[in-house]
Amino acid sequence: AVTPTQDFLETRGLFFEASGQRSAAHDDFVAALSLSQEGGHPGAMQVTSLLGLCRLALEAGDMAKAHQLSGRAIELSPCNTTALQYDLMLADLAGGKPAAQQRLAELARHYGPTPELASVAAGFGLTAISDSVLAP
């Protein structure tokens, strides 16, 4: 039997997710993530699977798991704008704009005020990242 590639599993997982087959989507995202980790691929290659699992967790009502997965995606690829958007959307969903602004400040402190983070912040209408955001 032919072993599916990570890319195939992620793409099929997205298809299953879009067609409402959540369990099959979950299985494919987990399998793709496992292949990436076993293959020693760069963390950035795990983001699609992590964000797929994040969406499934959110749909299931598990905000803590969704936030953990988006945070892991950012940890592996801090300049991935989709991961940054998911993370700020989750913060906004949990606590409104003040929570999103607080999360933005946390991300800026941890990863630095990157152009990608500034761009995502602007899209949310959040206060620009500056040195004052980085102050304690």
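This report walks through some salt bridges, two buried residues and the largest pocket of a predicted model.

**Salt bridges**

Let's start with the charged pairs. How many salt bridges does a search of the whole structure find? It finds six. Here are three of them, with the gap between the nitrogen and oxygen atoms.

| Salt bridge | N to O distance |
|---|---|
| Arg-22 and Glu-59 | 2.4 Å |
| Arg-72 and Glu-75 | 2.6 Å |
| Arg-103 and Glu-106 | 3.1 Å |

Take the pair Arg-22 and Glu-59, whose closest N and O atoms are 2.4 Å apart. What does this pair tie together? Arg-22 sits in helix α2 (residues 22-38) and Glu-59 in helix α3 (residues 47-59), so the bridge links parts that are 37 residues apart in sequence. Look at how open the two partners are: Arg-22 has 40% relative accessibility and counts as partly exposed, while Glu-59 is partly exposed with a relative accessible area of 45%.

Now move to Arg-72 and Glu-75, whose side chains meet in a salt bridge. Both of these residues belong to helix α4 (residues 63-76), and they are three residues apart, about one turn of the helix. Arg-72 is partly exposed, with a relative accessible area of 32%. Glu-75 also counts as partly exposed, at 49% relative accessibility.

**Arg-103 and its company**

Next comes Arg-103, which you'll find in helix α5 (residues 81-111). Is Arg-103 buried or exposed? It counts as buried because its relative accessibility is 15%, and the cut-off for buried is under 20%. Its salt-bridge partner Glu-106 lies in helix α5 too, three residues away, or about one turn of the helix. Glu-106 counts as partly exposed, at 29% relative accessibility. There's a third member here: salt bridges with shared partners join Asp-87, Arg-103 and Glu-106 into one network.

Which residues does Arg-103 touch, leaving aside its neighbours within four places in sequence? The answer is His-67, Gly-71, Asp-87, Leu-88 and Ala-91. So you meet Asp-87 twice, as a contact of Arg-103 and as part of the network.

**Gln-6, another buried residue**

For a second buried residue, find Gln-6 in helix α1 (residues 6-18). Gln-6 counts as buried, since its relative accessibility is 8%. If you skip residues up to four places away in sequence, Gln-6 touches Ala-32, Leu-35, Ser-36, His-41, Met-45 and Gln-46.

**The largest pocket**

Finally, turn to the empty space. Rolling a probe the size of a water molecule over the atoms shows where such space is left. The largest pocket has a volume of about 170 Å³. Which residues line the largest pocket? They are His-26, Val-30, Leu-33, Leu-50, Leu-53, Leu-56, Ala-57, Lys-65, Gln-68, Leu-69 and Arg-72. The elements giving two or more residues to this lining are α2, α3 and α4. Sorted by character, the lining has seven nonpolar, two polar and two charged residues.

You've already come across one name on that list: Arg-72 lines the largest pocket, and its side chain also meets Glu-75 in a salt bridge.

Key
Residues are numbered from 1 along each chain as its sequence is written. This is a predicted model: local features need pLDDT of at least 70, side-chain atom pairs count only at pLDDT 80 or more; totals for chains, interfaces and linings use all residues. Side-chain values use heavy atoms; hydrogens and water are left out. Helices (H or I, at least four residues) and strands (E, at least two) are DSSP runs, numbered from the N terminus. Buried means under 20% relative accessible area, exposed over 50%, partly exposed in between (1.4 Å probe, protein chains only). Contact means heavy atoms within 4.5 Å. A salt bridge is a side-chain nitrogen of Lys or Arg within 4 Å of a carboxyl oxygen of Asp or Glu. On a 1 Å grid over the protein atoms alone, a cavity is a set of points where a 1.4 Å probe fits but cannot get out, and a pocket is an open set with protein on both sides within 12 Å along at least five of seven lines; lining residues have an atom within 4 Å of a point. Grid points are joined across faces, edges and corners, and a volume is the space filled by probe spheres set on the points. Ala, Val, Leu, Ile, Met, Phe, Trp, Tyr, Cys and Pro count as nonpolar, Asp, Glu, Lys and Arg as charged, and the others, Gly among them, as polar.
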